[in-house]
Amino acid sequence: MTDKIYNAKDIESKWQNRWEETHAFKVDEKAKGEKYYLLEMLPYPSGRIHMGHVRNYTIGDVAARYRMMRGVKVLHPMGWDAFGMPAENAAIQRKVHPADWTYKNIDYMRGQMKRLGFSYDWEREFATCDSSYYKWEQLIFTRMFEKGWVYKKTSQINWCPSCKTVLANEQVSAGCCWRCDSGVEMKSMSQWYFRITDYAEELLIDIDDKLQGWPERVKTMQREWIGKSHGANIDFPIEGSDQKIQIFTTRPDTLFGVTFMSLAWEHPLVKEFAKKNGKEKEVEAFIEKSSKIDHKARLEDTYEKDGVFTGAYCLNPLTGDKVPVYAANFVLMEYGTGAVMAVPGHDQRDFEFAKKYNLPIKIVIQPIDEALDPSTMDGAWEGAGTMINSGEFDGLKNKDGIKAVSEHLKKNKLGGSTVTYRLKDWCLSRQRYWGTPIPIIHCDKCGAVPVPEKELPVELPHDVEFTGVGGSPLSRVASFVDTDCPKCGSAGKRETDTMDTFVESSWYMLRYACPRYDKAPVDPKMMKYWLPIDQYIGGIEHAVGHLIYFRYFTKVMRDLGMHDLDEPCKNLMTQGMVYKDGAKMSKSKGNVVDPDDMIAKYGADTMRLFSLFAAPPEKDLEWNDKGVEGSHRFLLRVWRLVMDHLDIDGETKESPEAARWRNKTVKKVTEDIERFHFNTAIAAVMEYVNYLYGVGVEKIDRLAVETLVLLISPLAPHAAEELWEKLGNGESILGKSWPTFDEAMIASDTLTIVVQVNGKVRERLDIPADMSDEDVKQSALSNERVISFMEGKEPRKVIVIPKKLVNIVL
């Protein structure tokens, strides 16, 4: 290559090969130095990485390389979340086996990542679809099953008709499948569940106690998703029956104001009441209509309240009043018991419903200095007040009434105080092939029996027909399904559901500490050494999915005796999305930018710089072609500056001004990288480059040039390595210590003031830090270089910005 020309393709290829040959990023636990575990969320191998990946992984790579230069042992692994529907869809559409499709994609995407210069320890790489990985996942499942932490039940589930599989609530977005965007339906099916609700309280408590390094927004989202509520369970007898409807309420103080009962349309009593009371036609129509409501809209209460009378009545346990039972679309089956006592006088949703269906409204909480009249109210009174129309509880402040009514219910065996959670058990069954087989054998004599450890893994059969219909393809593979019961030896049938892919990503971060360990899912010694993760990076869209699941699985594996870790991650950073033309990049919108095209045109270092400089990491980034070109021009400026000073010796004396610039730049870049403020770190380097160009070739010393190259090393590593080598340094820049700064050199007795003439920088003046603004002005006007640019003209005005600049307007 021609030395003076920046040839990104050749330079980047050279150093990528060098890093691979020297195992530059392999981490050794036995080496000296403190440890640091840095991890970005692992990708699904869809075929090609996108700009969101580039941004996410560049953020992590800068943090990793910076710490390597600080002498820290950095564990920075990468793997593949390799199970999922796209591979199975490819098998159906393209007649290619999911495994072949997946591993081909992994090979290509690994190459893309290497071309971007990411500092991964590839010797720790694994794909979650490999049986050497999911063997241990199956073992975890069987251990949980033995303890009763996994169970099977029939329930209403989210069903994607396109993917033909079950979805957890967290996998339904705006009423659509998170994978394919198809509308989600409700369906009754027998499914496997993890008892995640057993950990609800610990998951909630640890948010405040152990997640101090997490964004407050994510912690708030998790608190709300877990949704702890204090209240009371109350039993309402059903008229003409021995049955009862149990409800949960946070407002037992309003029990005397109940005028109707609302059931979720999924509640099992809805159809029973309709059949018994001749309301089947109306109720079935209502259920069909309600089942199409966006689940998210139901959670956020952004739809019209609707309902239907079931023909049944229940009785208020304290008054004996007869209360009509409605099915209502605003009641969530997953909250409480799926039944809500309706108090329209003191709940706005109930008020709107009562007005719509002409149901009575009763006041039982009277605010101070106001007498509520149901006939004139335009909304429910939901505030505090005094209990009225409430029998023996009249006159109590309603907050005291909550406790008093709850105690009365408990004493009379009509209910009592309780705590409930919005979080529901995790449905893990999926009716597909490309997932971890659930290690259960069904026996007519013994029931569900876990596969013994010595027979794990239960591997996916390779010869499978993919038709896209009829549920899981595994159910049609007799050689897989038919087996013997490990308990009694009788004929048995293997479970044909596979696990939700969120299971694989719920413990992968632990396996990176010991990816080849063959005695258990994790090596306790390596777990203790590397975990918890020091810095985790990923999208906020995972706040109530993966980021809850991986906390849960860490606790489960702890309680199974596999390690002693409570939480998997100390610090979390959630990066923003990448947009183009005002919309998130996607193939359907036709606004995707291919990283390969950008690397071919500009080089990987330019792509890295743009993704870091265009926006703070936590903010969304708007793609801008001019911004990419600007990043490329900056890299070329750095290249030319260093190339023009290759022969500079180390004896050139550093001026006080140069020392201040170097120290303050190192300080700024160091502090900003520590805080993940990469955009302002790059801005500081840009200012330093402008300064070095401004002082002139003869005034630049070797220390300044080497410092510049060191500072850009985490940001643009290929260019930095090449320049470092051309400066005559034998070892890789990764082995060089990060530059330090001297606070005393920054806090100087003098300041450098920029002097502009008609807005253009014409001079820099070193002045005493305590010089008055008037003296600064006069010093600028009397400077010979400034006078030459004034060309004999009188200044129209002189603007002085204290301690920064003087702008002379002619």
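**Exercise 1. State how many of the residues of helix H17 are buried, and what follows for its surroundings.**

Solution. In this predicted model, 13 of the 14 residues of H17 are buried, so the helix is largely enclosed by the rest of the structure. The cut-off used here is that a buried residue has under 20% relative accessible area.

**Exercise 2. Check whether the length of H17 agrees with its number of residues.**

Solution. Step one: helix H17 covers residues 546–559, which is 14 residues. Step two: at 1.5 Å a residue, the expected span is 20 Å. Step three: the C-alpha atoms at its ends are 20 Å apart, so the two values agree. Just after the helix, Gly561 has a positive phi of about 80°.

**Exercise 3. Describe the chain as a whole: its helices and strands, its box and its surface.**

Solution. Begin with the elements: there are 27 helices and 32 strands. Next, the box that the C-alpha atoms fill is roughly 105 × 75 × 45 Å along the principal axes. The chain has 810 residues, and 55% of them count as buried. Its accessible surface is about 35300 Å², with 48% belonging to carbon and sulfur atoms. Last, take the contacts between residues at least 6 apart in sequence: 72% of these join residues at least 24 apart.

**Exercise 4. Give the domains of the chain and the distance between the centres of domain 1 and domain 3.**

Solution. Domain 1 is made of 136–195 and 425–499, domain 2 of 229–420, and domain 3 of 748–809. The C-alpha centres of domain 1 and domain 3 are 75 Å apart.

**Exercise 5. Find the residues that touch the most other members of the largest nonpolar core, then list contacts of Phe194.**

Solution. The largest nonpolar core holds 118 residues. Those touching the most other members are Phe141, Met144, Phe194, Tyr508, Tyr536 and Phe553. Now take Phe194 and set aside its neighbours within four places in sequence: its contacts include Phe141, Met144 and Phe553, and also Trp149, Asp425 and Tyr552. A second, separate core has 63 residues, among them Met68, Leu635, Trp639 and Val689.

**Exercise 6. Decide whether Ala82 is buried or exposed, and name residues in contact with it.**

Solution. First locate Ala82: it is in the loop between strand S2 (73–75) and helix H3 (85–94). Its relative accessible area is 0%, so Ala82 is buried. Beyond its neighbours within four places in sequence, Ala82 is in contact with residues including Tyr44, Pro45, Cys129, Trp434 and Ile106. Ile106 is 24 residues from Ala82 along the chain, with 8.5 Å between their C-alpha atoms.

**Exercise 7. Work out which strands pair with S3, and which residues stand opposite Asn158.**

Solution. Strand S3 (residues 150–160) runs antiparallel to strand S7 (residues 185–194), with 10 bridges joining them. S3 also pairs with strand S4 (residues 165–167), again in the antiparallel sense, over three bridges. Asn158 has Met186 as its bridge partner in S7, while in S4 it stands opposite Leu167. Four residues lie between the strands of the S3 and S4 hairpin, where Lys164 has a positive phi near 55°.

**Exercise 8. Give the order of the strands in the open sheet that contains S26, and name its edge strands.**

Solution. The three strands have the order S27-S26-S28, and the pairing is mixed. The edge strands are S27 (583–584) and S28 (621–622), each pairing on one side only. S26 (residues 578–580) runs parallel to S28, joined by two bridges. In S28, Leu621 is the bridge partner of Val578.

Terms used: Residues numbered from 1 in each chain as written. Predicted model: local features only at pLDDT ≥ 70, side-chain atom pairs only at ≥ 80, totals over all residues. Heavy atoms only, no water. Pairing = 2+ DSSP bridges. Domains from an automatic or database assignment. Core = buried A, V, L, I, M, F, W, Y, C linked by side-chain atoms within 4.5 Å. Buried < 20%, exposed > 50% of the residue type's maximum accessible area, 1.4 Å probe, protein only. Contact = heavy atoms within 4.5 Å. Expected span 1.5 Å × (residues − 1). Areas by Shrake-Rupley, 256 points an atom, 1.4 Å probe, with all protein chains shown as cover.
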